[in-house]
Amino acid sequence: MPPHQPRNLTAPTLPAAPALPIGAERTFFVPDFRSMQQYTVSAVLRGIGSFCYIFVEEAEWNTRVTAETVASIVHAFEVATPANPKQGIYPTLTAFFGLPPDIDENGRIILLLLNIQDANHPSQYTAGFFNPADQDRGVLRTPGLRGFPIRSNEADMLYIDTQPLNPNSEVAHNVIAHEFLHLIHWRHDPHEATWVDEGCAGYASFLCGYSVLEHIEAFEKMPSVSLVAWPEREADALPHYGAAFLWMLYLHEQYGGTGTLIEIVRNRGTSLTGVADALALRGITQRVSNIFIEWKLANYLSNYHAVRLSLSPLRWHDSYPSGTQERKLSNFSADYVGFEDAGGLTLGFSSNSGGTNSAAHTIEFHSTGDVRMQEIKLSTGNSGSIVLPNTVTEAILVPSLQTETINAETHSVNYQYSAARGAHITFTTAALPNPVHPRYWDIIAQPSESLVGLTPTVTLMIFDSKIERLYREAQAMYQIKQDRQGSHLYRFSFLLEPEIAPESVTYQISLDSRIVDTGSLTE
């Protein structure tokens with residue numbers, strides 16, 4: 001076994017369970033997601049396959065679940081999937097990711113069909129789950145159930161809903177494939193981060209040919225969700241399922257195919273560390289944060305082979321200047337801000353992120369039909385700007401945060417952006433001698449609006465005998481606060497050599513290579 005895989009993948013050995021006959025009865029311990037406590041369910045064995053036992057809650061038999069329901073589930077689990085009419089869920093996923101645990105040594109997975117006790121809302125409910133507590137023994141406590149004591153079923157089992165989920169549908173088979181991958185994943189890495197586990201489970205549904213459209217559509221509506229954070233139970237998790245699946249699909253399509261996903265499932269590292277380790281074992285040297293930047297752009301452009309995305313920006317701008325806009329980003333998330341009639345726009349960006357973990361890119365749609373992507377180069381203060389070519393008809397600003405740390409899901413960043421055509425920004429300027437050291441001068445400039453990601457520069461010239469020559473090349477001005485209302489001034493200080501007369505010196509203030517004002521020291 002490769003050294004990065006666990007050697008002890010199953011619970012301690014139990015005596016092999018005897019084969020069960022149809023009609024066998026069993027009481028299961030089941031979590032109630034409303035009270036977060038446990039109750040018991042009486043169920044009867046209604047179907048047997050080579051790799052599964054189908055138990056059905058007694059109250060659901062011949063109401064929501066029939067003999068035909070059980071037969072179709074056995075067929076899907078063992079015989080055929082939409083992706084392969086000759087291979088079911090179990091052989092498909094075990095061929096790629098390995099065998100599931102077998103704590104009860106019966107060689108089968110128990111599929112318990114029951115009315116899962118939750119909010120039972122048609123648009124948000126628990127369609128199925130795998131409970132890791134069942135891989136333990138006796139009475140235990142888990143943080144997920146508020147620390148209440150619970151009993152383990154000491155079985156390799158999955159819970160599949162019957163209300164409102166239709167157990168007679170392909171959607172139910174999809175849920176089984178998804179949850180079965182959780183069971184296999186647990187065997188390799190019982191401590192994996194939720195987002196990785198869910199992304200791989202969504203990928204398992206995709207491998208079996210089941211639809212992932214619901215999750216994709218949810219992500220399309222909320223594309224700014226964090227990849228690495230997972231919401232509380234009451235929150236809408238569907239966009240997060242979509243993000244996690246699309247991330248795994250992107251790795252599949254761009255970084256090594258199914259082999260990369262197999263490595264992620266089998267790797268003992270968790271979250272970003274596990275993904276990075278798995279990629280390295282596949283010979284992929286790119287940092288996860290750099291792949292994330294590729295991915296955020298690919299999502300808007302729908303650069304996938306297997307799915308089609310259509311993201312909508314969180315807002316569109318169509319009049320300029322836009323003014324300073326502020327937003328907050330969670331770690332490993334991206335925003336999409338649209339600009340119409342974007343030719344010649346100056347887009348400014350700044351963030352309060354420490355280090356180099358913020359990034360901002362533009363997606364440009366040109367009148368020629370070309371689509372181009374550009375990075376906004378950020379200074380050490382995490383600010384920068386870009387001037388869009390005149391041929392740009394529409395542009396998307398895509399800021400993001402990608403900090404690779406152990407607690408990556410806790411990071412966030414505040415950022416600002418603005419859009420203006422250069423001619424709209426004017427400056428009021430003045431040159432002032434230093435009252436203490438008269439050979440020192442300050443050039444002061446106040447812009448007509450806040451500059452986000454933009455820094456004015458000063459170029460000094462000398463007029464001598466009617467000949468203009470360069471005195472000081474363009475240098476950045478420093479931002480200083482003017483008043484409590486938050487207005488800002490920009491200052492440039494320099495020493496004037498004794499042999500140079502102040503009346504011979506002029507200055508040019510430029511913004512993005514456009515001269516916005518001129519003056520002389522003695523005006």
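How many residues apart do phenylalanine 292 and tryptophan 295 lie in helix 9? The two sit 3 residues apart, about one turn of the helix. We will come back to them below.

Before looking closer, note that this is a predicted model, in which local features need pLDDT of at least 70 and side-chain atom pairs count only at pLDDT 80 or more, while totals for chains, interfaces and linings use all residues. Residues are numbered from 1 along each chain as its sequence is written, and side-chain values use heavy atoms, with hydrogens and water left out.

**View 1. An aromatic pair between helix 1 and helix 3.** The structure holds 24 aromatic pairs; rings of Phe, Tyr and Trp (its six-membered ring) pair if their centres lie within 6.5 Å, and planes under 30 degrees apart count as stacked, over 60 as edge-to-face and the rest as tilted. Phenylalanine 77 and phenylalanine 180 make an edge-to-face pair, 5.4 Å centre to centre with 70° between the planes. Phenylalanine 77 belongs to helix 1 (residues 67–78) and phenylalanine 180 to helix 3 (residues 170–188), so the pair ties together parts that are 103 residues apart in sequence. Helices (H or I, at least four residues) and strands (E, at least two) are DSSP runs, numbered from the N terminus. Phenylalanine 77 is buried, with a relative accessible area of 0%, and phenylalanine 180 is buried at 0% as well. Here buried means under 20% relative accessible area, exposed over 50%, and partly exposed in between (1.4 Å probe, protein chains only).

**View 2. The pair in helix 9.** Here are the two residues from the opening: phenylalanine 292 and tryptophan 295 form a tilted pair, 5.6 Å centre to centre and 45° between the planes. Phenylalanine 292 is buried at 1% relative accessibility, and tryptophan 295 is buried at 4%. Ring pairs link both of them with Phe219, Trp247 and Phe332 into a cluster.

**View 3. The largest cavity.** The structure holds 1 cavity of 30 Å³ or more, and the largest has a volume of about 50 Å³. On a 1 Å grid over the protein atoms alone, a cavity is a set of points where a 1.4 Å probe fits but cannot get out, and lining residues have an atom within 4 Å of a point. Grid points are joined across faces, edges and corners, and a volume is the space filled by probe spheres set on the points. Among the lining residues are Phe219, Phe292, Trp295, Lys296 and Phe332. Helix 9 gives the largest share of the lining, 4 residues.

**View 4. Phenylalanine 332 in its loop.** Phenylalanine 332 is found between strand 10 and strand 11. This residue has a positive phi of about 55° although it is not a glycine, and it is buried at 1% relative accessibility.

**View 5. A cis peptide bond before proline 164.** Glutamine 163 and proline 164 are joined by a cis peptide bond, with omega about 5°. Look for proline 164 in the loop between strand 8 (157–161) and helix 3.

**View 6. An open sheet of 6 strands.** The strands run in the order 1-2-3-4-8-5, with mixed pairing; two strands pair if DSSP finds at least two bridges between them. Strand 1 (25–32) and strand 5 (128–129) are the edge strands, each pairing on one side only.

Notes:
On a 1 Å grid over the protein atoms alone, a cavity is a set of points where a 1.4 Å probe fits but cannot get out, and a pocket is an open set with protein on both sides within 12 Å along at least five of seven lines; lining residues have an atom within 4 Å of a point.
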